[in-house]
Every structure is written in C-alpha cells, then in structure tokens.
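Dear colleague,

I am handing over the structure below, and my notes on it follow directly after. Please read them with the model open beside you.

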Amino acid sequence: MATKLKNNTLSKEKDLEIQKIIEKELARQKSKLLLIASENYASQEVIKTMGTVLTNKYAEGYPNKRYYGGCEYVDEVESLAIKRAKKLFNSKYSNVQPHSGVNANIAIYVAVLEPYDKILSMNLTDGGHLSHGQSHNLSGKYFTIYNYNVDRETEVIDYEEVRKTAKKVKPKLIIAGASSYSRIIDFKKFREIADEVGAYLMADIAHIAGLIAGGVHPTSVDVADFTTGTTHKTLRGPRGGFILAGDKYKDILNQAIFPGSQGGPLMHVIAAKAVCFREAMQDSYKEYAKDIVKNCKALCESLKEDGFRIVSGGTDNHLFLIDLSNKDITGFEATGILGSCGIVINKNLIPYDKKNPTVASGIRIGTAAVTTQGMGVNEMRQIGEIISFALHNKDNSKKLKEAKNKVDKLLKDFPIYQNFNQ
Ligand code: PLP
C-alpha cells in the first residue's frame, strides 16, 4: 500500500513555476560568455550532490560530537570533507561548515577579536572585500578598521606602506586577500609584518583558492594563522566557505563557527564540497589551474594591445581590471554594452577611483569559467577582439549585433551542461 504523508512529501510532482525559472537560468548560462571573476561552472556531480536528502539532517556540532541523533552518515560526510580539504591544501586543520566566504571571515573575528579591536585590511577601492571592514558590514560596525592601499603609480601592494601603517596602528588582526587584485599576494611578507607588530594574520583566499590548490599561487597555509576561502570561485565547487589553520586553533575556530556564528551545517553542501576537493586533487585540475592563468594573461595582453589600460599593467592570476577612463565609458555602461553582446562581466572600482561603486571607472574580467568550458589562448584573443570591437562601437547597434553573433558562434564550439536535466 502506498505510504501517505502529509504535504506531498513523497510526491514526484514538479513545481512547474520554479522549474521553468531554473530552465531559463540554465539556458542563460549556456548562451552567455561568462567572464565574472568570482563565478564558475560546478561539475554535474557537485550540483547533483547538493540536491540530495542530506539537506534534511540537522547536525549541530562536529563529527562524533553532535547535538542530534541520527548523525552517523553525515558524520562520515563531514569527516571525509575535512580530510580532503586538509589533504588538498596541506593543512593541519580545516572547518568545512562556513555557509559562505563571509561566514568564514566572521568566524575568525569571533574567534580572536573583541568589539572595537583594530583590523588592518586592504582598501575596498584597491581590491579589498566588504567583509574586511566596509562600514555597513558587521566587520566595519564592530571593529576599528584601518586600511592599506596599493601604490598610486604601480597599483601593486606596497609592503613597506603596509609595514609602516601596521607599526603605527598596531592592529590585532591583519588581513591579506582581495576580491579584485590581479597580482601575486606575498603572504610571507605579510607574515613578517604581522610578527613585527604582534598581530594575527588572516589570509582570505576566496578568489585564489583554486589557484593555490592547483599550485599556481603561493599558499597561505602555515604562513598565515588563519586561511579563509570559498569553494565556488576558482575552486569550482558548491557555493560555500571553509577555514584552514594550524591545529592549535582548532577549538576556538570550531567554537567560533558553532555555536559562535552559525547554527546547523548544510550537510548537502558539505558533501558537495567533499566532491569538489576530490576533483581539485586530480592532475587534470592542476592543468586547469595553469590554463586559467595562461588564458588570463592572453586575454589581458590582447586588450592591452588594443589600447586598454590594465590596472597594474597586467595579471598573475585569474583576473584583471580594465580602467576605462581613457575610453570615456564608465564601468556601468561597459557592463550594459557587453551584456547586450552576450558577455557577462561586472563593473569594478579601480584604485583611487573617483566614481562611486554603482558607476565605477573599471570592469573586472576573469577566466576561470571560460577555462572550465575548454577555451584556450586562441579563444582568449578572439574574446579580446570582440570586447574591444564592442566597446569601440558602443553606439552602433549593427556592430553590437555583429559582436553578439561572434559570441554566439564561439559558444557553439564550447557547450556546457549538455544533456543535463535538472
Ligand atoms: N572574501 C573575498 C576576498 C571575496 O572576494 C568574497 C566574494 O566575492 C568573499 C570573501 C565572500 O564570499 P561569499 O560571497 O561566499 O560570502
């Protein structure tokens, strides 16, 4: 006899309203050229894992120390995710429960800071992140924030300036890490500075986690006291965060996540993080990480040759910033122009920007997603030409249509999520 549960628990009936929207989003992702530096295409295995019954389980606490019964299998899931994260990043400790990158950062603040303690972090306009002290963010509201900048000429972090500011301010925590910085971050130099002033060092590798895992950016693990990151950017996993650190911080960090700043962990997402960590251990992933950077340099060079000013003159990682001031286009306008050609990017402040963030003088471009798609250096040159053509013909609808046709043609050769029924 069929089991009858209230509220259609066992029903296979689809919610057609939401299904249609998901299908539209899938079609959008398949038909656009994705150059947003913080996005990627997760594998079908990662996506499938998130849509499982693991979502039903409450598991406050940690493996073998839960506040709920029935956690034997989610314990296995979380233990495996922790083991893989530690192996992938060569870390003594990992916490895979942060719901997002911001939550991972907040946990560090909860673990080692008291209200009004001083944080020294990168200026938002120079590439820093909202959770590093922006005034409306919890970090800016509850702590005293001081910033370091990039050098006005080179647009690269000036470590001597960081040192000088650190000595003057004497922060309790220094944050190294950014959302829109295209150069290698020298975590060892940050460590020296932190030691000189007796500060904790936190490395936020949200953007570059995949590059570190793939061995194409120096690691912050065992250099910084705490490393926080996201799994959904270059790492190409589910949307979420993680923490890495030395074993001595295990208790305070675990406590800072639960009960310090979160409730029940998202076990379906933690399982998908485990899948992502395994994928990132493969040799093919190391090739992928190398290709992201190679593609980024190629796309950057192509635009540079066409007269675009690149912030700091180039890139060492998965992203770069174009300063559009000399083209008389704002970041806001460029986002719209390129969007009409099927190219998805985001407007971005550039160092010492005089425009406000809703307009911005620049755009940020990243190559993690197009590299997942299998594109290489030749395609990067084509994309560079299309971007340049579109921005130089911004008022000519016929030419913008031409640019869109070129994007469509390129995407036909690099399909994603084929035969993927959600
Ligand atoms: N830290 C940095 C440096 C980031 O760039 C981002 C997101 O862009 C985050 C933290 C926040 O990640 P999430 O959106 O997962 O909270």
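The ligand sits in the second largest pocket. A pocket here is found on a 1 Å grid over the protein atoms alone, as an open set of points with protein on both sides within 12 Å along at least five of seven lines, and a molecule is said to sit in one if more than half of its atoms lie within 2 Å of its grid points.

Before the details, a word on the basis of these notes: this is a predicted model, in which local features need pLDDT of at least 70 and side-chain atom pairs count only at pLDDT 80 or more, while totals for chains, interfaces and linings use all residues. Residues are numbered from 1 along each chain as its sequence is written, and side-chain values use heavy atoms, with hydrogens and water left out.

The ligand site

Around the ligand there are 13 residues, of which the closest are G101, V102, S179, D204 and K233; a residue is counted as near if one of its heavy atoms lies within 4 Å of the molecule. Sorted by class, this shell holds 3 nonpolar, 8 polar and 2 charged residues, where Ala, Val, Leu, Ile, Met, Phe, Trp, Tyr, Cys and Pro count as nonpolar, Asp, Glu, Lys and Arg as charged, and the others, Gly among them, as polar. Helix α4 (residues 101–112) contributes the largest share of the shell, with 3 residues; helices (H or I, at least four residues) and strands (E, at least two) are DSSP runs, numbered from the N terminus.

Which atoms of D204 and of the ligand lie 2.6 Å apart? They are a polar side-chain atom of D204 and a nitrogen atom of the ligand. Oxygen atoms of the ligand appear in two further pairs: one lies 2.9 Å from a backbone N or O atom of G101, and one is 3.1 Å from an N or O atom in the side chain of K233. Taken on its own, the ligand has 390 Å² of accessible area, and the protein covers 84% of this, as computed by the Shrake-Rupley method with a 1.4 Å probe.

Backbone points to check

A cis peptide bond joins F258 and P259, with omega about 5°, and P259 lies in the loop between α9 (250–257) and α10 (267–280). G260 is placed in the loop between α9 and α10 as well, and it is partly exposed, with a relative accessible area of 41%; in this scheme buried means under 20%, exposed over 50%, and partly exposed in between, with a 1.4 Å probe and protein chains only. Although G260 and A107 are 153 residues apart along the chain, their C-alpha atoms are separated by 7.2 Å.

Two residues other than glycine have a positive phi that you may wish to look at. For N90, in the loop between α3 (72–89) and β4 (93–95), phi is near 55°, and this residue counts as exposed because its relative accessibility is 62%. For R236, in the loop between β9 (226–230) and β10 (241–245), phi is near 70°, but R236 is buried, since its relative accessible area is 18%.

Helix α3 and other positions

Is E78, which lies in helix α3, buried or exposed? With a relative accessible area of 1%, E78 is buried, and its side chain makes a polar contact of 2.8 Å with the side chain of R66; such a contact is a pair of N or O atoms within 3.5 Å, and within protein one must be able to donate a hydrogen and the other to accept it, with residues adjacent in sequence counted only if both atoms are side-chain atoms. L80 also lies in helix α3, but it counts as partly exposed at 34% relative accessibility, and its C-alpha atom is separated by 15 Å from that of P265, 185 residues away along the chain.

V311, in the loop between β11 (309–310) and β12 (319–323), counts as buried because its relative accessibility is 5%; the C-alpha atoms of V311 and V156, 155 residues apart along the chain, are separated by 8.9 Å. E379, found in helix α14 (residues 377–392), is likewise buried, at 16% relative accessibility, and the distance between the C-alpha atoms of E379 and S131, 248 residues apart along the chain, is 35 Å.

With best wishes

Note on methods:
On a 1 Å grid over the protein atoms alone, a cavity is a set of points where a 1.4 Å probe fits but cannot get out, and a pocket is an open set with protein on both sides within 12 Å along at least five of seven lines; lining residues have an atom within 4 Å of a point.
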